[in-house]
Amino acid sequence: MEQLSGQTGGAVYLPKTVHELDLAFDQIAADLAQQYVLSYYPGNDNRDGRVHLIDLRIKSRNDVRVRSRKGYYAPRPTTAADW
């Protein structure tokens, strides 16, 4: 589960006690209250049927945590010949 969540930009919480469960919910609430969404849509010229890696960094801040997908798949555009 940790590997899957790491690849998709998520997080895993595995509390073993009720106290750890409370801490996990506190962390989830803090994450949700302080999140931003950044979107990227590749142009058709980048649709080459390959996986493209993403490396997202915040230059002006060193006090933030960035969680993002590791990459995306850019399928080739479909044509009438594909049908």
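User: What makes up the confidence summary of the protein chain?
Analyst: The protein chain averages a pLDDT of 85, and 95% of the residues score at least 70, where pLDDT is the predictor's confidence in each residue, from 0 to 100. This is a predicted model, in which local features need pLDDT of at least 70 and side-chain atom pairs count only at pLDDT 80 or more, while totals for chains, interfaces and linings use all residues. Residues are numbered from 1 along each chain as its sequence is written, and side-chain values use heavy atoms, with hydrogens and water left out.

User: Which elements have the lowest and the highest mean pLDDT?
Analyst: Helix 1 (residues 2-8) has the lowest mean, 82, and helix 2 (residues 18-33) the highest, 93.

User: How many helices and strands are there, and in what pattern?
Analyst: The protein chain holds 2 helices and 2 strands, these being DSSP runs (H or I of at least four residues for helices, E of at least two for strands) numbered from the N terminus; along the sequence the pattern reads α-α-β-β.

User: Why is the protein chain called more spread out than a compact globule?
Analyst: The radius of gyration, taken over C-alpha atoms, is set against a globule rule of 2.2 Å times the number of residues to the power 0.38. For 83 residues that rule gives 12 Å, and the protein chain's value of 18 Å is well over it, so the chain is more spread out than a compact globule.

User: What share of the residues is buried?
Analyst: Buried residues make up 11% of the 83 residues, with buried meaning under 20% relative accessible area (1.4 Å probe, protein chains only).

Note on methods:
Buried < 20%, exposed > 50% of the residue type's maximum accessible area, 1.4 Å probe, protein only.
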